[in-house]
Structure formats: C-alpha cells, structure tokens
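Trainee: Got a minute? I'd like to walk through this one with you.
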Amino acid sequence: MSRHPGRGPAFSILALSIGLALAGCSSSEPETEPNTDPTSELVSAFWIERQVRVVTLDRMFAEGDPDEIVENIGEERERLFESRIVQETDDGYVVELDEDAWDTTVGFSRIDNALNDAMYRNEVTWCEDDVTGEEFVDAYMDEHQGAFDTHDAYEASVADHVDCGTGRL
C-alpha cells in the first residue's frame, strides 16, 4: 500500500503527460536535406555587390575620362592594379570584367575596399540623375539582392541596371 493514498494515479498521469508532450516535440517527418541540386548556385551578396561595382566602373571608363576616374579613386587604386581589375594599356585604362583573370591573392576584402572607393569618389552620369557610384550600387543591391538564383541571372540583371534599365529579368 502507498504511503500517500491517491498519488499513484496522479503521478502516472503526470509522467504520461510529460512523455506525450516530449514525443509531440519530435517530428516523425524526415528533416529537410540540404540542397544537393547540382544546378543551384550560392550567390553571395559580396559577389553581387562586387559585380555591380566592376561593371559600373567599366561603364564609368566608357562614359568619362578614365585618367580622371583612376585619379579620383585615391590611395586604394593600387589594389585595383595589383588585382588586375584595372589595367593600363597603350590606349589608356581598361576594366577586366572576367573574374578568372583577376589576381585575387591581394584578398577580396581589399579588392572590395578599392572598388568601394572607386564608387564613392566617382559619379554615374549616364542615367537620369547624376549620383555617386556607391548610391548607384546601393540602389541595385536594395532592389535586387536575393532576387535571383544564379550568377548568370545576376550578370544579366546588373548589365541591364548599368544600362539604366530596371535590372528585372
């Protein structure tokens, strides 16, 4: 006989309730597996922003005076030459758009800082309103970051944006 009459069934009910509550927390459905689709790509925000900056810098060279634009970049301009994003040719300066041709041993953070300086210190003059390159890049990022699943889609969208389009595909 129990020392506390009536507590046996109450204890059993409490234990059963706790057990059922814990069982309800675990799902009998399998966990979602990570995306293993070989056609999917991870497109980082850093890559997107870098892409917008490089294509915008290329257009700045086409629309303006590349010598002046390079001079405006300031102290960080050497990073753009070291990385081979900006190259000096017999005809002046050019922007290398092919990331595979860049020397990234200087580090992407340093490249990004140099591109940021180029955008901050130069203007986009070929669309409706003159804005700093950084405002132009920010407008794209605010509207389109996370909008596409592939690098190719972003490249097409960025090209449209830099050509004064909406960037929507």
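Mentor: We'll take the overall layout, then the disulfide, the salt bridges, the aromatics and a few loose ends. Keep in mind that this is a predicted model.

Trainee: Fine. How many helices and strands does the protein chain have?
Mentor: Seven helices and four strands.

Trainee: In what order do the elements run from the N terminus?
Mentor: The order is α-α-α-α-β-β-α-β-β-α-α.

Trainee: And what share of the residues counts as buried?
Mentor: 31% of the 169 residues in the protein chain. The chain exposes about 11100 Å². Carbon and sulfur atoms supply 48% of that area.

Trainee: What about contacts between residues far apart in sequence?
Mentor: Take the contacts between residues at least 6 apart in sequence. Of those, 57% join residues at least 24 apart.

Trainee: Switching to cysteines. How many disulfides are there?
Mentor: One disulfide. Cys127 is joined to Cys164, with an S to S distance of 1.9 Å.

Trainee: Where do the two cysteines lie?
Mentor: Cys127 is in the loop between strand E3 (123-124) and strand E4 (131-132). Cys164 is in the segment after helix H7 (151-162). The pair therefore ties together parts that are 37 residues apart in sequence.

Trainee: Left-handed or right-handed?
Mentor: Left-handed, because the torsion about the S-S bond of Cys127 and Cys164 is about -95°.

Trainee: Is that pair buried or exposed?
Mentor: The two ends fall into separate classes. Cys127 has a relative accessible area of 17%, so Cys127 is buried. Cys164 comes out at 37% and counts as partly exposed.

Trainee: Next topic: charges. How many salt bridges does the structure hold?
Mentor: Seven. Side chains of opposite charge can pair when their charged atoms come close.

Trainee: Which residues are linked in a network?
Mentor: Glu49, Arg53 and Glu134. Start with Arg53 and Glu49, whose closest N and O atoms are 3.4 Å apart. Both sit in helix H2 (residues 45-63). They are four residues apart, about one turn of the helix.

Trainee: And the other arm of the network?
Mentor: Glu134 and Arg53 form a salt bridge too, at 3.2 Å from N to O. That pair links distant parts of the chain. Glu134 is in helix H6 (residues 133-144), Arg53 is in helix H2, and they are 81 residues apart.

Trainee: Are Arg53 and Glu134 buried or exposed?
Mentor: Buried. Arg53 has 6% relative accessibility. Glu134 has 12%. The cut-off for buried is under 20% relative accessible area, so each of them passes.

Trainee: Where else should I look for a salt bridge?
Mentor: Try Glu143 and Arg168, which meet at 2.8 Å, N to O. Glu143 lies in helix H6, and Arg168 lies in the segment after H7. The pair therefore ties together parts that are 25 residues apart in sequence.

Trainee: How accessible are those two?
Mentor: Glu143 is partly exposed, with a relative accessible area of 44%. Arg168 counts as exposed at 53%.

Trainee: Back to H2. How far apart are its end C-alpha atoms?
Mentor: 27 Å. H2 has 19 residues, so at 1.5 Å a residue it should span 27 Å, which agrees.

Trainee: Which residues of H2 are buried?
Mentor: There are several, among them Trp47, Ile48, Val52, Val54, Val55, Leu57, Met60 and Phe61. Arg53 is on that list too, and so are Arg50, Gln51 and Thr56.

Trainee: Now aromatics. How many aromatic pairs?
Mentor: Three. One of them is Phe148 with Tyr154, at 5.1 Å centre to centre.

Trainee: Stacked or edge-to-face?
Mentor: Edge-to-face, with 90° between the planes.

Trainee: Are those two rings' residues buried or exposed?
Mentor: Buried. Phe148 has a relative accessible area of 17%. Tyr154 is at 1%.

Trainee: Last one. Where does Thr150 lie?
Mentor: In the loop between H6 and H7. Thr150 is partly exposed, at 24% relative accessible area.

Trainee: How far is its C-alpha from that of Leu42?
Mentor: The C-alpha atoms of Thr150 and Leu42 are separated by 7.4 Å. Along the chain, these residues are 108 apart.

Key. Residues numbered from 1 in each chain as written. Predicted model: local features only at pLDDT ≥ 70, side-chain atom pairs only at ≥ 80, totals over all residues. Heavy atoms only, no water. Disulfide = S-S within 2.5 Å. Buried < 20%, exposed > 50% of the residue type's maximum accessible area, 1.4 Å probe, protein only. Contact = heavy atoms within 4.5 Å. Areas by Shrake-Rupley, 256 points an atom, 1.4 Å probe, with all protein chains shown as cover. Salt bridge = Lys/Arg side-chain N within 4 Å of Asp/Glu carboxyl O. Phe/Tyr/Trp six-rings, centres within 6.5 Å; stacked < 30°, edge-to-face > 60°. Expected span 1.5 Å × (residues − 1).
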